[in-house]
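User: Hi! I'm new to looking at protein structures, and I'd like to go through this one with you, question by question.

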Amino acid sequence: MEPVKYWSFGILAALLIAGCTTPWGEIDRNITNSKNLRVGMTKNQVLEVMGQPITDELFCKPDVWYYFIQSVWQDGLTTEDECMPLVFEEGKLVGWGNPFYAKYRLKPEEAVPQNEDISALPETNQGENLPSVYALPL
């Protein structure tokens, strides 16, 4: 009967350990590899340095690649705030990191056209001319 107890304990321990795996190796690898990134790298060069990006999340885009760099929620899901974005234009890396991406998404030169003639805008119900409202694409 003793060998059965040890065998059962071994299986239970293996199952518990397998269920508690952490992404720390991936986090460390992605942070370390990101130190080798350079503006102007092609997508293939970035793949050689960083490996495959996350591709199966709703926030993923063809020209914005995401790499897991921190565990915020401890829920087993990968969320955008736990990832480092890498931004490409015309196949070349233009920047990376959440601070860069926040500024990139706000491109002010595209958000509000310069020298807008507000006198040509239609009148509102109150008879006032109001400037147009511009929304940024997500």
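User: Leaving aside neighbours within four places in sequence, which residues is Trp96 in contact with?

Analyst: Keep in mind that this is a predicted model. Trp96 has its place in strand S3. If you skip its neighbours within four places in sequence, the residues in contact with Trp96 are Ser34, Leu37, Arg38, Val39, Met84, Pro85 and Leu86.

User: How far apart are the C-alpha atoms of Trp96 and Val39?

Analyst: Val39 is on the contact list of Trp96. Along the chain these two are 57 residues apart, yet the separation of their C-alpha atoms is 8.8 Å.

User: Is Trp96 buried, exposed or partly exposed?

Analyst: Buried means under 20% relative accessible area and exposed means over 50%, with partly exposed in between. Trp96 has a relative accessible area of 28%, so the right label is partly exposed.

User: Okay, let's zoom out. What pattern does the protein follow along the sequence?

Analyst: There are five helices and three strands to place. Reading along the sequence, you get α-α-α-β-β-β-α-α.

User: In what order do the three strands sit in the sheet, and which are the edge strands?

Analyst: The three strands make an open sheet with antiparallel pairing, in the order S1-S2-S3. An edge strand here pairs on one side only, and that picks out strand S1 (64–68) and strand S3 (92–96).

User: By how many degrees are neighbouring strands of this sheet turned against each other on average?

Analyst: The sheet in question is the open one, S1-S2-S3. Ignoring direction, the average turn between its neighbouring strands is 30 degrees.

User: How many bridges join S2 to S3?

Analyst: Strand S2 covers residues 83–89 and runs antiparallel to S3. Two of the bridge pairs are Phe88 with Leu93, and Glu89 with Lys92. The count of bridges joining S2 to S3 is four.

User: Which residue takes a positive phi in the hairpin of S2 and S3?

Analyst: This hairpin has two residues between the strands. One residue in the loop between S2 and S3 is not a glycine, but still has a positive phi of about 50 degrees. That residue is Glu90.

User: And is Glu90 buried or exposed?

Analyst: Glu90 lies in the loop between S2 and S3. The cut-off for exposed is over 50%. With 81% relative accessibility, Glu90 counts as exposed.

User: Which helices lie across S1, S2 and S3, and at what angles to S1?

Analyst: Helix H2 (residues 24–34) lies across the three strands and runs at about 130 degrees to S1. Helix H3 (residues 43–50) lies across S1, S2 and S3 too, and its angle to S1 is about 0 degrees. So there you have H2 at about 130 degrees and H3 at about 0 degrees.

User: Why are the buried residues of H2 on the same side of the helix?

Analyst: The buried residues in H2 are Ile27, Asn30, Asn33 and Ser34. They sit on the same side of H2 because they cover an arc of only 145 degrees around the axis. As for what covers these buried residues, that includes H3, S1, S2 and S3.

User: Which backbone oxygen lies 3.2 Å from a polar atom of the Asn33 side chain?

Analyst: Asn33 is part of helix H2 and counts as buried at 18% relative accessibility. Not counting residues up to four places away in sequence, Asn33 touches Val49 and Met50. The backbone oxygen at 3.2 Å is that of Val49.

User: How many disulfides are there, and why is Cys83 too far from Cys60 for a bond?

Analyst: A disulfide needs two cysteine sulfur atoms within 2.5 Å. The sulfur of Cys83 is 7.5 Å from the closest cysteine sulfur, the one in Cys60, so that is too far for a bond. Cys83 is also buried, at a relative accessible area of 0%. The disulfide count is zero.

User: Last one: what share of the residues in the protein is buried?

Analyst: We've met a few buried residues, including Cys83 and Asn33. Out of the 138 residues in the protein, the buried ones make up 22%.

How values were computed. Residues numbered from 1 in each chain as written. Predicted model: local features only at pLDDT ≥ 70, side-chain atom pairs only at ≥ 80, totals over all residues. Heavy atoms only, no water. Buried < 20%, exposed > 50% of the residue type's maximum accessible area, 1.4 Å probe, protein only. Pairing = 2+ DSSP bridges. Axes fitted to C-alpha atoms, helices over the stretch in contact; angles between N-to-C directions. Contact = heavy atoms within 4.5 Å. Arc of directions from axis to C-beta. Polar contact = N/O pair within 3.5 Å; in protein donor to acceptor, adjacent residues only side chain to side chain.
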